[in-house]
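Hi everyone, thanks for making time. Today I'd like to talk about pockets, so let me put the sequence and the model up on the screen.

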Amino acid sequence: MNKYSSFLLFAFCILLFAFCFLLSACHRNTNLQEKGTDFLQGVWEEDRVAYQHQLLQYTHHTFKFTCDSFYVTLNTYAKVNTYADSCFNNGHYTEYAKGLYAVKKDTLFISGTFTKPNFKQKISGCYRSGQYLTAFVLKRYLTDTLYLQSMQQHLPVTLVLKQKIVCVPKAVN
């Protein structure tokens, strides 16, 4: 065997090894939702917002966690108008968002987008549109109560379980 043949054989072996390595590093993503966090599965509602009478603006949260997804209704009450008069609605307005959530150690990370009331994509309109990103520290949880701390507003958020949901993963489009 001459030097050129040895070099070609060596190069072929290196390429074959690299190709096999790349194939073994790949894995097929499933077409199903993830299971999510068991204790969160359900509809959770904030009964009373802490310090609501002292705040110029506060938001009442209603979350629905199903598998790895969330849906939230944000009822905001404001004493000061920060939006166009046609949107202010006497200081009460409702926003909606949906997306995915993850629990890492003691933190609930929520990543989604603002939507219309039917949870379809919202492009424009009154109030916020685009990304809905927030995080809460999980202070404590019981079977029917979640004690959270908002990482943006630094306010306690107490959610009460209104309906338990069992995760049945659905096909992802």
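Okay, let's start with what kind of residues we're looking at. In the largest pocket, the lining breaks down into four nonpolar, five polar and three charged residues. Keep in mind that this is a predicted model.

So which residues should you click on? Twelve residues line this largest pocket, and nearest its centre you'll find Q33, S69, Y71, K170 and A171. The space inside comes to about 330 Å³.

Now for the secondary structure. Two strands, β3 (69–78) and β4 (92–104), each give at least two residues to the lining of the largest pocket. Of the elements, β4 has the largest share there, with three residues.

On to the second largest pocket, which holds about 260 Å³ of space. Its lining is made up of 16 residues, and the ones closest to the centre are H61, R128, Y132, Q152 and Q153. If you're following along by strand, β2 (57–66), β3, β4 and β6 (131–141) each put two or more residues into that lining.

Which element gives the largest share of the lining here? That's β6, with four residues in the second largest pocket.

And the chemistry of this one? By class, the second largest pocket is lined by six nonpolar, eight polar and two charged residues.

One thing to look at while the model is up: β3 and β4 turn up in the lining of the largest pocket, and β3 and β4 are also on the list for the second largest pocket. Okay, that's my bit, happy to rotate the view for anyone.

Note on methods
Residues are numbered from 1 along each chain as its sequence is written. This is a predicted model: local features need pLDDT of at least 70, side-chain atom pairs count only at pLDDT 80 or more; totals for chains, interfaces and linings use all residues. Side-chain values use heavy atoms; hydrogens and water are left out. On a 1 Å grid over the protein atoms alone, a cavity is a set of points where a 1.4 Å probe fits but cannot get out, and a pocket is an open set with protein on both sides within 12 Å along at least five of seven lines; lining residues have an atom within 4 Å of a point. Grid points are joined across faces, edges and corners, and a volume is the space filled by probe spheres set on the points. Ala, Val, Leu, Ile, Met, Phe, Trp, Tyr, Cys and Pro count as nonpolar, Asp, Glu, Lys and Arg as charged, and the others, Gly among them, as polar.
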